[in-house]
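Trainee: Can we go through this one together? I'd like to start with the cysteines, then look at some helices.
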Amino acid sequence: RMAAAPPSYCFVAFPPCSKDGLVVFGKNSARPRDEVQEVVYFAAAEHEPGSKVECTYIEIEQVLKTHAVVLSRPSWLWGAEMGANEHGVCVANEAVLTREPASESEALLGMDLVRLGLERGATAKEALDVIVALLEEHGQGGNYYEDGSSCHTFQSAFLIVDRNEAWILETSGKYWAAEKITEGVKCICNQLSLTTKIDAEHPELRNYVKSQGWWNGDSDFNFSEVFSLADDHLACCSGRESLEKQGGDVSAQAMIDVLRDKDSGVCVDSESFLTTASIVSVLPQDPSFPCIHYFTGTPDPSRSIFKPFIFVDDVKLVPKVQSPSFGNDDPAKKIPRFQEKPDRRHELYKAHEWARSLLENDQDKGQKLMRIMLDLEKQGLEAMEDILSRTEILDPAEVVDLFYDCVDTELKFFK
């Protein structure tokens, strides 16, 4: 039996389940416990015709123009666990197991496809089209972890969201199916969830599964039943009920509360895995308002704070949540890969380690620190609510160093 896929959780809530005409998106990224995630911004860029882009393991054709993106990513790889672009598209991935073993050959990782979809798609549907076209052309495969002793491979599922709709995309090799969502609350986790409601699919999908003897063509085509390992496709989403209980009040705060919930299993803290970073995004359906993306940049959302980011021109970069760069000397780039593990901790991660040890070892001081941190987070959430309730257009100068200042203030508390 293959090793379990890391138990990440992704959510989206649409009006009328969510507040004030907002689409609310969230993900807890469960990864190996000691892995560092960084938060990085890449400005929109134009590229020379014929130029290439080096992804985690392979090089592919670059496009003429890439959108500005903000990403939360394991700092050894090129892609991302989750992120957003300047057009209000958010993408998150899940590692999943299917009855087809995932390829160990180095190709595109699910995480690379997250970033490629964001850089190249101005809507959720465009991002989906980008991802499936690249999957067809280059395939998926290669080690999901920074581990020189063993190759961990998975298939991919994605939650792709914009201001109007979301797509759940599930894949096995280059084959895929997708469902479009425009209402209610949806959750995806580390197992397949698509059943018979399929709104787009690989043109050869049904012929392929018939040729494998996995479906006879007579019964309803159920993607999870056809592709899952035995009995894997159970309802996995404990967090969904908590969001549905909110009635029509799913807000950024409600999503944050769900991501912090250890009892439900959504906030993972196990022997093998930890929620190493989290994101919550608020996408107003009215395009005259900005989208707001909250990142932790640190592990365990129940002990981290969500800090807001808004796309504007010349947004101030935040080196304190960026891991050191090792260039071509990076063991992730040399063959054989991962022969050693460099220290990838960024400044915020190191400060947060100190805070976590305080929370564990000195209850009084720890609780006091946590209260201060949550108060800081609350100020950020309230300031963002204010921006979304104004009638006048946001002045970019007001938020150009928003994320920078929040990280800076958090670091000062830890000092």
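Mentor: Start with a definition: a disulfide is a pair of cysteine sulfur atoms within 2.5 Å. Keep in mind that this is a predicted model.

Trainee: OK, how many disulfides does a search of the whole structure find?

Mentor: The search gives 0 disulfides.

Trainee: Why is there no bond for Cys55?

Mentor: Because the closest cysteine sulfur, in Cys151, is 17 Å from the sulfur of Cys55, which is too far for a bond.

Trainee: And what about Cys10, how far is its sulfur from the closest cysteine sulfur?

Mentor: The closest one belongs to Cys187, at 7.6 Å, and that is also too far for a bond.

Trainee: Are Cys10 and Cys55 buried or exposed?

Mentor: Cys10 has 0% relative accessibility, so it counts as buried. Cys55 is buried too, with a relative accessible area of 4%.

Trainee: Switching to helices. At what angle do H1 and H2 pack?

Mentor: About 130°, with the axes 8 Å apart. H1 covers residues 110-120 and H2 covers residues 124-138. The two helices are therefore oblique to each other.

Trainee: Is the crossing of H1 and H2 left-handed or right-handed?

Mentor: Right-handed.

Trainee: Which residues make the contact?

Mentor: From H1, Leu113, Leu116, Gly117 and Arg120. H2 contributes Glu126, Ala127, Val130, Ile131, Leu134 and Leu135.

Trainee: How do the residues of that contact divide into nonpolar, polar and charged?

Mentor: The contact of H1 with H2 has 7 nonpolar residues, 1 polar and 2 charged.

Conventions:
Residues are numbered from 1 along each chain as its sequence is written. This is a predicted model: local features need pLDDT of at least 70, side-chain atom pairs count only at pLDDT 80 or more; totals for chains, interfaces and linings use all residues. Side-chain values use heavy atoms; hydrogens and water are left out. Buried means under 20% relative accessible area, exposed over 50%, partly exposed in between (1.4 Å probe, protein chains only). Axes are lines fitted to C-alpha atoms, for helices over the stretch in contact, and angles run from 0 to 180 degrees between N-to-C directions. Helices (H or I, at least four residues) and strands (E, at least two) are DSSP runs, numbered from the N terminus. Angles under 35 degrees count as roughly parallel, over 145 as roughly antiparallel, 65 to 115 as roughly perpendicular and the rest as oblique. A crossing is left-handed if the near helix is turned anticlockwise from the far one by less than a right angle, and right-handed if clockwise. Contact means heavy atoms within 4.5 Å. Ala, Val, Leu, Ile, Met, Phe, Trp, Tyr, Cys and Pro count as nonpolar, Asp, Glu, Lys and Arg as charged, and the others, Gly among them, as polar.
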